[in-house]
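Me: I have a model open and would like a close look at a single part of it. Could you walk me through that part in one connected answer?

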Amino acid sequence: MKEMRILIVEDDKKTALSNQPGILLDFAVFFAVSWIVIALVSSPFFNVHWFVPGDFTYPEANYYHAIMIPALILFYILTIKVLHLDLTKGNAFAVAAMLSVLFAGVGSVFNASKEISVSTIAQVIGMSMAELLGLVLVACMIKRYFGEHGREKERGVGFLLLLVSLSAILVAGPLGHLAGWSIDIGTSSIPGLNTWLGATKMSPQDFREGLVTSHSHLVMAALMSGLAAVAATYLHYQSRDALWSHISETGLWIVLVSLLAATGVYVSTAITGWEPPVLFASGQSGIPLDDVILTLQEIGFLVLAAGLFGPQRRHGPEPLSAMEKGVRNSIVTAWVTGFIGAVVLGVYIEMHEGLYGAGEAPAARALNDNIFIRAHMLFPFLILPVLIAITLAVGCRKKAVVSLLFRPGIFIWLSVVVMLLGLTGEILWFTTRQGIVFVSSMVLMIPVFMVAAAVLWPLKK
């Protein structure tokens with residue numbers, strides 16, 4: 001009888017767990033973060049050399065997708081949680097999200113050669129599932145916007161930016177698929193492409209390179225914009241005093257306009273081969289139009305950050321909790337360090353191109369340029385967006401799960417310290433060509449993510 005009672009209790013626990021709203025979404029969050037940790041820890045065993053100056057190799061670029069697709073899925077789930085979309089009641093989205101992480105993650109890890117393989121097919125399946133999930137979110141948000149007497153309109157520009165960010169990701173996805181098609185099978189296999197290349201005077205190589213550049217830049221711009229919209233909504237940007245609320249909204253509008261402009265530029269570049277003009281030109285130096293637009297986006301993040309530190313309205317919602325303040329501090333640190341690590345250093349190089357020579361010899365600082373290329377792809381454009389997404393996930397997790405060591409606040413402060421160390425390391429690597437501090441900071445980020453995964457374990461409250 002005692003054994004029977006134990007079995008009945010266990011069955012009741014399982015039933016309660018399965019009926020708990022959003023429990024599978026919580027598990028999908030844990031699964032995505034855990035996969036990111038596993039991918040980072042395992043990367044040396046797959047000959048991924050993260051800290052070699054210069055652009056990613058083909059295997060490294062694919063391995064990058066093994067980390068960023070789970071981060072994208074995490075962003076999708078955060079959208080559901082922060083906006084309280086009715087998808088939290090269904091398990092289909094959560095299951096599809098985990099399958100997307102699994103297929104895209106495993107496929108990207110093993111896809112190391114430019115040809116069709118089982119890993120290529122798995123990767124494409126996972127990415128396509130992610131795009132379908134994005135379509136579901138966009139449809140759900142549009143229905144919510146127009147179907148509930150305009151209630152969602154009260155979210156203002158934050159809601160609009162989130163919708164545009166999701167849509168921009170869906171635009172960038174097919175560009176990536178076309179790029180993969182042209183690399184693995186060949187541009188001549190794309191129906192009608194030869195005719196189009198003849199009309200636009202593009203070579204197959206120019207077409208392929210344009211697709212890769214447009215896809216990678218637009219996805220990152222859209223993901224960072226979307227995460228900013230989720231963060232602003234999570235932190236109740238509209239509940240600040242009037243001045244501070246307007247500052248936050250101004251920042252969001254700057255990000256929105258820059259994202260729309262970036263989408264237009266990158267789609268035009270990919271399809272027609274149009275080269276964005278160089279602005280502020282002086283000799284060999286100057287800043288391409290798309291980089292000006294992305295700089296504007298980063299400035300928008302900083303304006304938004306300023307508004308998020310304003311006081312709450314007297315008769316508005318409750319003041320930010322200690323956890324919400326910690327999330328704000330961590331994300332603002334990410335925006336500031338990302339601005340310095342990508343924009344400040346990048347603009348400096350572009351305005352001194354004679355010294356850096358676009359990373360080509362015999363320029364005196366060609367190696368420094370290649371160091372920057374690798375460092376800013378790893379820190380501002382890999383670690384920081386992943387960290388922002390994980391920080392928001394921890395913020396949505398209301399209680400500590402394992403022990404004092406794994407309390408959410410511990411993760412917040414660890415992340416801030418390692419980000420500051422990462423920026424210091426990037427600057428030192430770029431200026432002195434000594435990368436030990438930068439490498440150390442990136443390695444230390446892995447246990448920080450492990451702490452987050454422990455906090456996000458969903459089966460205990």
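Me: What is the relative accessible area of K81, and is K81 buried, exposed or partly exposed? Please take in helix α3 and what surrounds it as well.

Reply: Happy to. Please keep in mind that this is a predicted model. K81 has a relative accessible area of 22%, and the residue is partly exposed. Since the cut-off for buried is under 20%, a value of 22% puts K81 in the class partly exposed.

Now for the partner of K81. The side chain of K81 forms a salt bridge with that of D26, with 2.5 Å from N to O. D26 sits in helix α2 (residues 23-42) and K81 in helix α3 (residues 58-83), so the salt bridge ties together parts that are 55 residues apart in sequence. D26 has a relative accessibility of 14%, so D26 counts as buried. The pair therefore joins a buried residue, D26, to a partly exposed one, K81.

A salt bridge also involves E60, whose partner is R374; here the closest N and O atoms are 3.0 Å apart. This pair links distant parts of the chain, as E60 belongs to helix α3 and R374 to helix α13 (residues 366-396), 314 residues apart. Both E60 and R374 are buried. The count for the model is 2 salt bridges.

N62 is another residue of helix α3. Its relative accessibility is 7%, so N62 counts as buried. If you set aside residues up to four places away in sequence, N62 touches S108, N111 and Q123.

Next, the helix packing around this part. Two packed helices are described by the angle between their axes and the distance between the axes. For α3 and helix α6 (residues 157-184), the axes come within 13 Å and cross at roughly 155°. With over 145 degrees counting as roughly antiparallel, α3 and α6 are therefore roughly antiparallel to each other. Their crossing is left-handed. On the α3 side the contact is made by Y58, L72, F75, Y76, T79 and L83, which meet F159, L162, L166, I169, I183 and D184 of α6. By class, this contact of α3 with α6 has 10 nonpolar, 1 polar and 1 charged residues.

Helix α2, which holds D26, has a packing partner too. α2 and helix α4 (residues 92-110) pack with their axes 8 Å apart, at an angle of about 10°. An angle under 35 degrees counts as roughly parallel, so α2 is roughly parallel to α4. The crossing of α2 and α4 is left-handed. From α2, the residues in contact are L24, L25, F27, A28, F31, A32 and W35, and from α4 they are F93, A94, V95, M98, V101, L102, G105, V106 and V109. By class, the contact of α2 with α4 has 15 nonpolar residues, 1 polar and no charged ones.

Following the chain out of α3 brings us to H84, which lies in the loop between α3 and α4. Most residues other than glycine have a negative phi, and most peptide bonds are trans. H84 has a positive phi, near 55°, in a residue other than glycine. H84 is exposed, with a relative accessible area of 59%. H236 also has a positive phi, about 55°, although it is not a glycine. H236 is found in the loop between α8 (204-234) and α9. With a relative accessible area of 31%, H236 is partly exposed.

One backbone feature belongs to the loop before R374's helix: P362 lies in the loop between α12 (353-356) and α13. A cis peptide bond joins A361 and P362, with omega about 10°.

To set this part in context, the protein chain has 15 helices and 2 strands. Of its 461 residues, 52% count as buried. Among contacts between residues at least 6 apart in sequence, 78% join residues at least 24 apart. The salt bridge of K81 with D26 is a good place to start in your viewer, as the pair ties together α2 and α3.

Methods
Residues numbered from 1 in each chain as written. Predicted model: local features only at pLDDT ≥ 70, side-chain atom pairs only at ≥ 80, totals over all residues. Heavy atoms only, no water. Salt bridge = Lys/Arg side-chain N within 4 Å of Asp/Glu carboxyl O. Helix = DSSP H or I, 4+ residues; strand = E, 2+ residues; numbered from the N terminus. Buried < 20%, exposed > 50% of the residue type's maximum accessible area, 1.4 Å probe, protein only. Contact = heavy atoms within 4.5 Å. Axes fitted to C-alpha atoms, helices over the stretch in contact; angles between N-to-C directions. Parallel < 35°, antiparallel > 145°, perpendicular 65-115°, else oblique. Left-handed = near helix turned anticlockwise from the far one by under 90°. Nonpolar A, V, L, I, M, F, W, Y, C, P; charged D, E, K, R; others polar.
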